[in-house]
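Please explain how this chain is built, beginning with its overall make-up and moving on to its sheet and its salt bridges. The explanation should suit a first-year student.

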Amino acid sequence: MTHAMLKGSNVPLQATTVRAVLRWLPGQGVPDVDASALLLGPDDRVRSDEDFVFYNQPRHPSGTVWRLGKKRDGDGLTDTIQTDLAGTEPDVGRILLVASADGVTFDRVRDLRILLYDAQTPDAEPLAFFDIKPETGQETALICGELYRRGEGWKFRALGEGYSNGLRGLATDFGISVDESEAADEPAAPADAAGRTSAPPRAHPEAPTQAHAPAAPEVSGPLPPEQPAAGVPAQPAYGYPPQQPPAAQPAYGYPHPAAQPAYGYPQQPPAAAPAAYGFPPAGSAPDPDFRLPPQGPQFIGR
């Protein structure tokens, strides 16, 4: 017999291993939903961070609580937590069954329901189900229900309690350690190929990479002559004299320096410098017939 449960109601469990199936309808704008579980000790808090079973830690170290992963169920999607109640450690008094939507509010999740099955009879009807209605619609994480000890046995209670600060805020309330500095720096995690959303892994520094220089453009036709490196004299073309650098400009009022002869050619004598105006060239013999002209009107008639 399947029990249709209301918020706050409970039902005893005869099964020793149960599957809690979270089911919802996908669609345009509907967020992905993840199932997780927290194992609480006598003080209603986790004993360590290992008591948090979720997408990044899918199996409890004791092997009694684990995720089965997501599946398509007709028109809906499911995510499942399975629990071995008979093997659960004695100091675990409650197991919370949680749904989270990775920062998206549950008012966009359609037909959210949790169903409880006897895992040893997988084809049987569900033992109970609970249709979860968020109270405000702004919740980003919900405690759908809980498995709890009662005497020597176990019961299931429908809860539907919401948290607006997501799975991280819910887990922190029950004693999970969260590094606030890392939480502030973490970007929103994308969904993987299977539709599962996972928290981003901690980044590792990468080794620095060498920047690639841009490729040199291709040149068609003959290549220009290579320029010699600094301090290395240029090699002459075969059969031709070496190219000489242009002569430096002389300082004003000083003669030009003599040019160096080209290799293998006779040196040409330098051209004679022009004579100064009114004077014979330097180094020439005096003209014996040279007479000075009269030196002004004062010499006329004398």
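**Sheet and salt bridges of the chain**

At a relative accessibility of 44%, lysine 7 counts as partly exposed. This residue will return below, once the chain as a whole has been described. The model considered here is a predicted one.

The secondary structure of the chain consists of two helices and twelve strands. Read from the N terminus, the twelve strands come before the two helices. The chain has 302 residues, of which 31% count as buried. Its accessible surface comes to about 21000 Å², and carbon and sulfur atoms account for 55% of that area. Which parts of the sequence meet in the fold? Among contacts with a separation of 6 or more, 66% join residues that are 24 or more positions apart.

The sheet may be taken next. Strands of a sheet pair through backbone hydrogen bonds, and the pairing can be parallel or antiparallel. In this chain, six strands form an open sheet in the order β2-β12-β11-β8-β4-β5, and their pairing is antiparallel. Strands β2 and β5 (52–53) are the edge strands, since each of them pairs on one side only. Within the sheet, strand β8 (residues 94–100) and β11 run antiparallel and are joined by seven bridges. One residue pair can be located here: isoleucine 95 has leucine 147 in β11 as its bridge partner. Helix α1 (residues 166–173) packs on the sheet, where it touches β4, β5, β8, β11 and β12 (153–163). The direction of helix α1 makes about 30° with that of β11.

How many salt bridges does the chain contain? The count comes to twelve. One of these bridges links lysine 7 to glutamate 135, with the closest N and O atoms 2.3 Å apart. Lysine 7 lies in the loop between β1 (3–4) and β2 (10–13), while glutamate 135 lies in the loop between β10 (128–131) and β11 (141–150), so this bridge ties together parts that are 128 residues apart in sequence. Lysine 7 is partly exposed, and glutamate 135 is exposed, with a relative accessible area of 60%.

A salt bridge also connects two strands through aspartate 34 and lysine 70, whose closest N and O atoms are 3.0 Å apart. Because aspartate 34 belongs to strand β4 (residues 34–40) and lysine 70 to strand β6 (residues 65–73), the pair ties together parts that are 36 residues apart in sequence. Is each partner buried or partly exposed? Aspartate 34 has a relative accessibility of 2% and counts as buried, whereas lysine 70, at 25%, counts as partly exposed.

Strand β6 takes part in a further salt bridge, between aspartate 79 and arginine 67. The closest N and O atoms of this pair are 2.5 Å apart. Aspartate 79 lies in strand β7 (residues 76–84) and arginine 67 in strand β6, so the bridge ties together parts that are twelve residues apart in sequence. Aspartate 79 is buried, with a relative accessible area of 0%, and arginine 67 also counts as buried, at 12% relative accessibility. Elsewhere in the chain, salt bridges that share partners join Asp44, Arg94, Glu146 and Arg157 into one network.

Methods
Residues numbered from 1 in each chain as written. Predicted model: local features only at pLDDT ≥ 70, side-chain atom pairs only at ≥ 80, totals over all residues. Heavy atoms only, no water. Helix = DSSP H or I, 4+ residues; strand = E, 2+ residues; numbered from the N terminus. Buried < 20%, exposed > 50% of the residue type's maximum accessible area, 1.4 Å probe, protein only. Contact = heavy atoms within 4.5 Å. Areas by Shrake-Rupley, 256 points an atom, 1.4 Å probe, with all protein chains shown as cover. Salt bridge = Lys/Arg side-chain N within 4 Å of Asp/Glu carboxyl O. Pairing = 2+ DSSP bridges. Axes fitted to C-alpha atoms, helices over the stretch in contact; angles between N-to-C directions.
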